[in-house]
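I am opening a notebook page on this structure and will write down what I look up, entry by entry.

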Amino acid sequence: MIVDEEHVRIAFLRDVPEARYEPTDTASASLPARSRRPLGAGLSGARGAVEVYRAVGGLPQRALIGGQLRATEDGRSTVQVLLADRPAEDPETATCPGELGRDLVPGLPSEFAGAVVGTGIDLLWSAGTLLVDRGAYHPVESSELAFQLATRILVEALRLGGDADDNTVEAALRALVGRLD
């Protein structure tokens, strides 16, 4: 599904197998959960992916991330991001078809790790783990801000659970985009 609001376009997908990559490193953060309320049974195991295109000024911002939200019993909120730096100079590396107009390079470069981990840990209140194991970027148009936005949207969508119908997910994403400015 694609949500198109003014200068932000979001594609929400249940999964993007083309955005899988061999991780070369991991970035993570863990804090005591801020809420005693556990993730609901429908949330644990929820998988999704978000592609973001944001037109701000002269340079567009692009990011794609995906992952899974799992309940845990340890009372902690954890974000784990699998990283993969890949050379993007060769046009053949852009093998992940983008839903929003451009093919992307599979992988999640370490330069965007802080944006994903920091945003994820700020938003994950309940005990659980957000595992980000899908990612793709554009060598010129990707930015930390785009990955922060994509993480924010991914967490919101995964909170709805794997059983949420497309209309529910779309309404939640439209509401989130409306709160961005």
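**Entry 1: the core.** Before counting anything, I note that a nonpolar core here is a set of buried Ala, Val, Leu, Ile, Met, Phe, Trp, Tyr and Cys residues joined through side-chain atoms within 4.5 Å. I also keep in mind that the model is a predicted one. With that rule I looked up the largest nonpolar core, which has 43 residues, and I found that Val81, Leu108, Leu130, Phe147 and Ile153 are the ones with the most contacts inside it. I then asked which elements each supply at least two residues of this core, and I listed β2, β4, β5, β6 (76-83), α1, β8, α2 and α3. The largest share, 9 residues, comes from α2. There is also a second, separate core of 8 residues, and Val16, Ala19, Ala49 and Ala136 are included in it. As background, I wrote down that in soluble globular proteins nonpolar side chains tend to be buried together.

**Entry 2: helix α2.** Since α2 gives the largest share of the core, I looked at this helix next. Helix α2 covers residues 144-159, which makes 16 residues, and from its first C-alpha to its last it reaches 23 Å, close to the 22 Å expected at 1.5 Å a residue. I looked up its buried residues and found Ala146, Phe147, Leu149, Ala150, Thr151, Ile153, Leu154, Val155, Ala157 and Leu158. What do these buried residues pack against? I found β2, β4, β5, α1 (113-123), β8 and α3. I added a reminder that an α-helix has 3.6 residues a turn, so residues three or four places apart point the same way.

**Entry 3: phenylalanine 147 and its ring partner.** Phenylalanine 147 is one of the residues with the most contacts inside the largest core, and I looked up its burial, where the relative accessible area is 0%, so I noted it as buried. Leaving out residues up to four places away in sequence, phenylalanine 147 touches Arg62, Ala63, Leu64, Ile65, Leu108, Phe112, Ala115, Val116, Ala136, Tyr137 and Ser142. I then searched for aromatic pairs, and the count comes to 1. The pair is phenylalanine 112 with phenylalanine 147, and because their ring centres are 4.6 Å apart and their planes lie at 20 degrees, I recorded the pair as stacked; the cut-off for stacking is planes under 30 degrees apart. Phenylalanine 112 sits in the loop between β7 (105-106) and α1, whereas phenylalanine 147 is in helix α2, so the pair ties together parts that are 35 residues apart in sequence. Phenylalanine 112 has a relative accessibility of 4% and therefore counts as buried.

**Entry 4: arginine 62.** Arginine 62 appears among the contacts of phenylalanine 147, which made me look it up as well. Arginine 62 belongs to strand β5 (residues 59-71). Is arginine 62 buried or exposed? I found a relative accessible area of 7%, and since buried means under 20%, arginine 62 is buried. I next looked for polar partners of its side chain, and I found a polar contact of 2.4 Å to the side chain of glutamate 141. A polar atom of the side chain of arginine 62 also lies 3.3 Å from the backbone oxygen of leucine 100.

**Entry 5: salt bridges.** I asked how many salt bridges the structure holds, and the number I found is 6. In one of them the side chains of aspartate 15 and arginine 134 meet, at 3.0 Å from N to O. Aspartate 15 is in the loop between β2 (8-13) and β3 (25-32) and arginine 134 is in strand β8 (residues 128-137), 119 residues apart, and the pair thus links distant parts of the chain. Aspartate 15 is partly exposed at 29% relative accessibility, whereas arginine 134 is buried at 8%. Aspartate 133 forms a salt bridge with arginine 47, with the closest N and O atoms 2.9 Å apart; this pair joins strand β8 to strand β4 (residues 46-56), across 86 residues. Aspartate 133 also meets arginine 134 in a salt bridge of 3.5 Å, N to O. Through shared partners, Asp15, Arg47, Asp133 and Arg134 are joined by salt bridges into one network.

Terms used: Residues numbered from 1 in each chain as written. Predicted model: local features only at pLDDT ≥ 70, side-chain atom pairs only at ≥ 80, totals over all residues. Heavy atoms only, no water. Helix = DSSP H or I, 4+ residues; strand = E, 2+ residues; numbered from the N terminus. Buried < 20%, exposed > 50% of the residue type's maximum accessible area, 1.4 Å probe, protein only. Polar contact = N/O pair within 3.5 Å; in protein donor to acceptor, adjacent residues only side chain to side chain. Salt bridge = Lys/Arg side-chain N within 4 Å of Asp/Glu carboxyl O. Expected span 1.5 Å × (residues − 1). Contact = heavy atoms within 4.5 Å. Phe/Tyr/Trp six-rings, centres within 6.5 Å; stacked < 30°, edge-to-face > 60°.
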